Amino acid sequence: MTARLLDGKALAAQVRDGLRAEVAALADAGARPGLAVILAGDDPASAVYVRHKEKAAAEIGVLSRVIRLPNDVDAATVRAHVDALNADAAIHGILIQLPLPASVGDPRPLLERVHPDKDVDGFHPVNMGRLALGEPALVACTPAGCMRLLASAEVPIAGRHAVVVGRSNIVGKPMALLLLGANATVTICHSRTPDLAAEVRRADIVVVAVGRARLVKGDWLKPGATVIDVGMNRGDDGKLCGDVDFASAQAVAGAITPVPGGVGPMTIACLLDNVCRAARRALGKDQP
Ligand code: NDP
């Protein structure tokens, strides 16, 4: 068997096309969607991610503003920027690019300072809580992107066994909640799971978000399983690769996301979708 490729690049382009018209309509109604990104410090990977977000926003007509702060910035300064953006009617979404420099200390109070209605990353406890309760919420972009990939490939979820490998607050936990909300039976695995291969083998759908190059092997998979690979790593060969050993997994899975070109582009598309949702809500046209 050779797995069907779940092409995140193509799907993200479709999502952006749909959003372009919506951005224009919102702009006509007086709420051109606006995204502000706080980029503190000189982490090169963060600078690249923020450039991608700016470019994608500009392409569909979303206003984007990047606030660049030095490596030695303190928490009070970041907080003041968040407060100003919370009060700025032109900005519907606020994103604090992680990681923040060490000079800022614990990032959580800053993430929680972002108004929940502008929390387009979906990291605020209010949005995480709404997600857990099954209420409308701004949902973390990477798991939201994984769900859209599954939906567009018409992968059945209800009643299926989904295994999420990784329990981070930004990927694994919200992913598990979304799958549960879609009526999957969900297992969450992490670094203390004794027999990861055995857990993965039971999965109809496996989502891997660990950060270990090619951790999940093809012979761990149930034949025909759907594999969503969130990982972004540099392999020993210096090439970008996922948390799944693509070559061996492709021979067993029914469908699989490539890395690159799978989940990554969907994350940015879902960020833009969240900015539009927040703008709609500001116009009083939608729930969060
Ligand atoms: P974290 O480091 O925050 O979490 C990793 C999780 O993996 C933890 O829950 C950890 O368990 C678990 N884990 C670590 N080692 C093992 C192991 N050997 N077996 C089972 N579980 C293990 O990572 P993130 O969730 O932030 O990111 C995961 C990956 O996804 C990274 O490669 C990251 O670059 C990528 N990513 C990609 C995005 C995209 O847009 N494509 C967006 C966000 C992330 P424990 O909790 O016990 O420590």
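How far is an oxygen atom of the ligand from an N or O atom in the side chain of Arg 167? In this structure, which I should say at the outset is a predicted model, that separation comes to 2.7 Å. Arg 167 does not act as the sole polar partner to discuss, since a polar side-chain atom of Ser 191 sits 2.5 Å from an oxygen atom of the ligand, and a nitrogen atom of the ligand is 3.3 Å from an N or O atom in the side chain of Arg 212. Considered by itself the ligand exposes 930 Å², of which the protein buries 71%.

Turning to the whole shell, 21 residues surround the ligand, and the closest are Arg 167, Ser 168, Ser 191, Met 232 and Thr 267. By character, the shell divides into nine nonpolar, ten polar and two charged residues, and the element that gives the most to it is helix α10, residues 263-282, with three residues.

Helix α10 also brings us to α1, whose buried residues pack against α10 as well as against α2 (44-59) and α6 (141-152). Helix α1 covers residues 8-28, and its 21 residues reach 30 Å from the first C-alpha to the last, close to the 30 Å expected at 1.5 Å a residue. Among its buried residues are Leu 11, Val 15, Leu 19, Val 23 and Leu 26; as a reminder, residues three or four places apart in an α-helix point the same way, because there are 3.6 residues a turn.

As for the ends, a side-chain oxygen of Asp 7 comes within 3.1 Å of the backbone nitrogen of Lys 9 at the start of α1, while Gly 30, just after the helix, takes a positive phi of about 95°.

Terms used:
Residues numbered from 1 in each chain as written. Predicted model: local features only at pLDDT ≥ 70, side-chain atom pairs only at ≥ 80, totals over all residues. Heavy atoms only, no water. Near = heavy atom within 4 Å. Polar contact = N/O pair within 3.5 Å; in protein donor to acceptor, adjacent residues only side chain to side chain. Areas by Shrake-Rupley, 256 points an atom, 1.4 Å probe, with all protein chains shown as cover. Helix = DSSP H or I, 4+ residues; strand = E, 2+ residues; numbered from the N terminus. Nonpolar A, V, L, I, M, F, W, Y, C, P; charged D, E, K, R; others polar. Expected span 1.5 Å × (residues − 1). Buried < 20%, exposed > 50% of the residue type's maximum accessible area, 1.4 Å probe, protein only. Contact = heavy atoms within 4.5 Å.
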